[in-house]
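Me: I should like to go through the reasoning behind several labels applied to a protein model. Please set each value against its criterion before concluding.

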Amino acid sequence: MAAIAEKLGILRRDLEQAARRAGRSPDQVRLIAVTKTVGLDELRQAVNLGLRDFGENRLQDARPKIMHFPGVCWHFIGRLQTNKVKELLRHFSLLHSLDRYNLAVALQQRAEEMGKEVTVLIQVNVSGETSKSGLAPEELADFFCALNDLPRIKPIGLMTMAPLLDNPGEARPYFRRLRELKEKHTGKDGKVLSELSMGMSNDFKVAIEEGATMVRIGSALFG
Ligand SMILES: *Cc1c(COP(=O)(O)O)cnc(C)c1O
């Protein structure tokens, strides 16, 4: 318990300082605890420490955790297969990783059947690394247009992963680019995109300085 509590204290302090440096309020940054590598014990500790947003990247690993803690907010941050869409709609409050049109169509169809809406972020591959999922920045405009024909899907922002770099400061251009893309594009009915999900344990401070509204933190909390 002490270990996670201590790490959370440091994390909150760093998060707050990064927000202040950028003239932002720390309340504008949501901490998403990525529990993909941990079990129920650590998750319980995190819930007891007051955390309420949790990220998972594989449904089969997430399932038992969601069963035990259905009352917190679950964020899906991995590559989602189209045949898992129904389960996503049941259990997750936000999909960070909408990265292709056929997934959007599958979400639309299931959401329609279930009488639900689905809130999403579009994943963008800002670095262009072939190992990474996400749309290319040039594909975003057409993608947002295509979403206009899928009424159950509510895009509220963008998500990215920066390349793994020795010096987190080198990630800054990628985060800045995502913010510029957010400002350039609009959601449904001309709504501004409000969310930027960017920054992980090694680079979240830089991401917050560049406007992150959600940071996804695993190892700094549970490592
Ligand atoms: C694992 C993961 C994270 C958290 O990474 P850490 O470096 O452990 O903080 C964030 N985002 C995604 C998409 C992940 O898969």
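Reply: A polar contact is a pair of N or O atoms within 3.5 Å. The model discussed here is predicted. In this model, a backbone N or O atom of Ser-219 lies 2.8 Å from an oxygen atom of the ligand, so the pair satisfies the 3.5 Å limit.

Me: Which polar side-chain atoms lie at 2.7 Å from an oxygen atom of the ligand and at 2.8 Å from a nitrogen atom of the ligand?

Reply: The 2.7 Å distance to a ligand oxygen belongs to a polar side-chain atom of Lys-36. The 2.8 Å distance to a ligand nitrogen belongs to a polar side-chain atom of Arg-216. The residues around the ligand also include Val-34, Ile-77, Met-161 and Gly-218.

Me: How much of the accessible area that the ligand has on its own does the protein cover?

Reply: The protein covers 87% of that area, which is 390 Å².

Me: Why does Glu-210 count as buried?

Reply: Buried means under 20% relative accessible area. Glu-210 has 3% relative accessibility, and therefore counts as buried. Glu-210 is located in the loop between helix 8 (204–209) and strand 8 (214–217).

Me: What makes polar contacts with the side chain of Glu-210?

Reply: The side chain of Arg-172 does so at 2.9 Å, and the side chain of Arg-179 at 2.6 Å. Both values are set against a limit of 3.5 Å. Leaving aside residues up to four places away in sequence, Glu-210 also touches Phe-175, Arg-176, Leu-196 and Met-198.

Me: How many aromatic pairs are there, and what makes the pair of Phe-54 and Trp-74 tilted?

Reply: The count comes to two aromatic pairs. Phe-54 and Trp-74 have 5.6 Å centre to centre and 40° between the planes. Ring centres must lie within 6.5 Å; planes under 30 degrees apart count as stacked and over 60 as edge-to-face, so the rest are tilted. Phe-54 belongs to strand 2 (residues 53–56) and Trp-74 to strand 3 (residues 73–76), so this pair ties together parts that are 20 residues apart in sequence. Both residues are buried.

Me: Why is the pair of Phe-76 and Phe-92 called edge-to-face?

Reply: The ring centres of Phe-76 and Phe-92 are 5.4 Å apart and the planes stand at 90°, so the pair is edge-to-face. The pair links distant parts of the chain, 16 residues apart: Phe-76 is in strand 3, and Phe-92 is in the loop between helix 4 (85–91) and strand 4 (94–98). Phe-76 and Phe-92 are both buried.

Technical notes. Residues are numbered from 1 along each chain as its sequence is written. This is a predicted model: local features need pLDDT of at least 70, side-chain atom pairs count only at pLDDT 80 or more; totals for chains, interfaces and linings use all residues. Side-chain values use heavy atoms; hydrogens and water are left out. Helices (H or I, at least four residues) and strands (E, at least two) are DSSP runs, numbered from the N terminus. Buried means under 20% relative accessible area, exposed over 50%, partly exposed in between (1.4 Å probe, protein chains only). Contact means heavy atoms within 4.5 Å. A polar contact is a pair of N or O atoms within 3.5 Å; within protein, one must be able to donate a hydrogen and the other to accept it, and residues adjacent in sequence count only if both atoms are side-chain atoms. Rings of Phe, Tyr and Trp (its six-membered ring) pair if their centres lie within 6.5 Å; planes under 30 degrees apart count as stacked, over 60 as edge-to-face and the rest as tilted. A residue is near a molecule or strand if one of its heavy atoms lies within 4 Å of it. Accessible areas come from the Shrake-Rupley method with a 1.4 Å probe; for residues, only the protein chains shown count as cover.
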